[in-house]
Protein chains: 2
Amino acid sequence: MLSNKIFELDKSLLPWVGRTMKALDYHLIEHFESNGIPLTKVQVITLRILSRNNGVAQNKLAFITNRDKASLTRLIITMEKKGLVSRENSLEDGRVRRVFITEKGKIILDSAIPVLVDMMSDVQKGISQEEIDITIEVLKKIRANVNADEQMASINL
Amino acid sequence: MLSNKIFELDKSLLPWVGRTMKALDYHLIEHFESNGIPLTKVQVITLRILSRNNGVAQNKLAFITNRDKASLTRLIITMEKKGLVSRENSLEDGRVRRVFITEKGKIILDSAIPVLVDMMSDVQKGISQEEIDITIEVLKKIRANVNADEQMASINL
DNA sequence: TAAATCTAATTGCATATGCAACTAAAATTT
DNA sequence: AAATTTTAGTTGCATATGCAATTAGATTTA
């Protein structure tokens, strides 16, 4: 009966999402390296969010990116050292530190986006738009089921 | 034109796979904790593989699980300390160490599988089998596209 | 208003992971 | 057969991440 259960699991989405994610991750890193883009995946995610929510509080940024606030703090420190972002203390609330994308960060992000777009059109080769739409819908439903009780962040990569 | 490219990216699968993966990961950890199953996601993956490939070399195990051999070494050491696996030096090849699932490992794995199965049937609630099949096919194609040149491992979670 | 509570950020400790360097053993080359 | 190369595993260094504890500032309560 163990093998029976394993069989059921293998027919579920659980293994496939993990495999695909991992493959995409590696692919992205390779593409960035071979195109001379000095960013990690997480850093692109963060820069993209900042480009649309510049000056957001670390707190909120952690929530948006679905990341522990401690993890976010260290991520931002790393990115600050690389000159991708800067921080300012909030004038209204002494606890809050706001995060901004720098000019350098904008330039690097701008160079990264077309690489990502190219990569994804490669990766989705031979897959119809209908299939992609269905897949996105399924993934959305899964996420909704998973986070039925918890509040969830909306932006990620 | 930057926002245009961002828009295209958001319509690709890249963001969705990542989000779903992260949500599933957290969900799995929670389910394991609330069911008293002392395993991480990676440890279940490894035990499942061992239950079907008992005595496999670390080398091969790293390949199968798509993991760096250094990472695998440390993972196995952790699992050995927890009594989930044991190791033996290969008799044929002095370099090789073979990994075995222990009785304790088998028992814990057996208790984990139904939890996983239950979780996934919950997670896939409201999604038709056809939709799931299409999604799996799409994910398979993506993986094939990504790993077109590289050799790729077949088992994962 | 003073005390208690809550919140934002940071730091310590833990796990997981990758690359590079290293060791030891096997396989190949010369 | 000896030297070179390859392979399996380990360890050092780096990043990323989470939970728990801490600090400092804001808010609520008594």
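**Surface near DNA strand C**

I looked first at the surface near DNA strand C, where H5(B) gives the largest share, 5 residues. I took a residue as near a strand if its C-beta atom, placed from the backbone, lies within 6 Å of it. The model is predicted: local features need pLDDT of at least 70, side-chain atom pairs count only at pLDDT 80 or more, and totals for chains, interfaces and linings use all residues. Residues are numbered from 1 along each chain as its sequence is written, while chains are lettered from A and ligands numbered from 1 in the order in which they are written. Helices (H or I, at least four residues) and strands (E, at least two) are DSSP runs, numbered from the N terminus.

I noted 22 residues around DNA strand C, and the nearest are A:Asn59, A:Ala70, B:Asp68, B:Ala70 and B:Gly94. Four elements each supply at least two residues of this surface: helix H4 (58-64) and helix H5 (69-81) of chain A, and helix H3 (41-52) and helix H5 (69-81) of chain B. By class I recorded 6 nonpolar, 8 polar and 8 charged residues near DNA strand C. For these classes, Ala, Val, Leu, Ile, Met, Phe, Trp, Tyr, Cys and Pro count as nonpolar, Asp, Glu, Lys and Arg as charged, and the others, Gly among them, as polar.

**Surface near DNA strand D**

I then turned to DNA strand D, which is surrounded by 23 residues, with A:Asp68, A:Ala70, A:Gly94, B:Asn59 and B:Ala70 the closest. Two or more residues of this surface come from each of H3 and H5 of chain A and H4 and H5 of chain B. H5(A) gives the largest share near DNA strand D, 5 residues. The classes here are 6 nonpolar, 8 polar and 9 charged.

**Loop between H4 and H5**

I checked the loop between H4 and H5 of chain A and found A:Asn66 in it. The phi of A:Asn66 is near 60°, a positive value in a residue other than glycine. A:Asn66 has 17 other C-beta atoms within 10 Å and is therefore partly exposed. The cut-offs are 20 or more other C-beta atoms within 10 Å for buried, 12 or fewer for exposed, and partly exposed in between, with C-beta atoms placed from the backbone.

In chain B, I found B:Asn66 in the loop between helix H4 (58-64) and H5. B:Asn66 is not a glycine, yet its phi is positive, at about 60°. It is partly exposed because 18 other C-beta atoms lie within 10 Å.

**Sheets**

In chain A, I traced an open sheet of 3 strands in the order E1-E3-E2, with antiparallel pairing. Its edge strands, each pairing on one side only, are strand E1 (56-57) and strand E2 (85-89). Two strands pair if DSSP finds at least two bridges between them. E1(A) and strand E3 (residues 97-101) of chain A run antiparallel and are joined by 2 bridges; A:Ala57 has A:Arg98 in E3(A) as its bridge partner. Helix H3 (residues 41-52) of chain A packs on the sheet and touches E2 and E3, its direction making about 100° with that of E3(A). H5(A) lies across E2 and E3 of chain A, at about 115° to E2(A). The axes are lines fitted to C-alpha atoms, for helices over the stretch in contact, and the angles run from 0 to 180 degrees between N-to-C directions.

In chain B, I found 3 strands forming an open antiparallel sheet in the order E1-E3-E2. E2(B) pairs with strand E3 (residues 97-101) of chain B in the antiparallel sense over 5 bridges, and the partner of B:Asn89 in E3(B) is B:Arg97. H3(B) packs on this sheet, touching E2 and E3 of chain B, and makes about 100° with the direction of E3(B).

**Contact of chains A and B**

I counted 48 residues from chain B and 48 residues from chain A in the contact. Two residues are in contact if their C-beta atoms, placed from the backbone, lie within 7 Å. On the side of chain B that touches chain A, H2(B) gives the most, with 13 residues. That side divides into 26 nonpolar, 11 polar and 11 charged residues.

I looked up A:Lys141, placed in helix H7 (residues 129-146) of chain A. Neighbours within four places in sequence aside, A:Lys141 is in contact with B:Gly126 and B:Ile127. A:Lys141 counts as partly exposed because it has 17 C-beta neighbours inside 10 Å.
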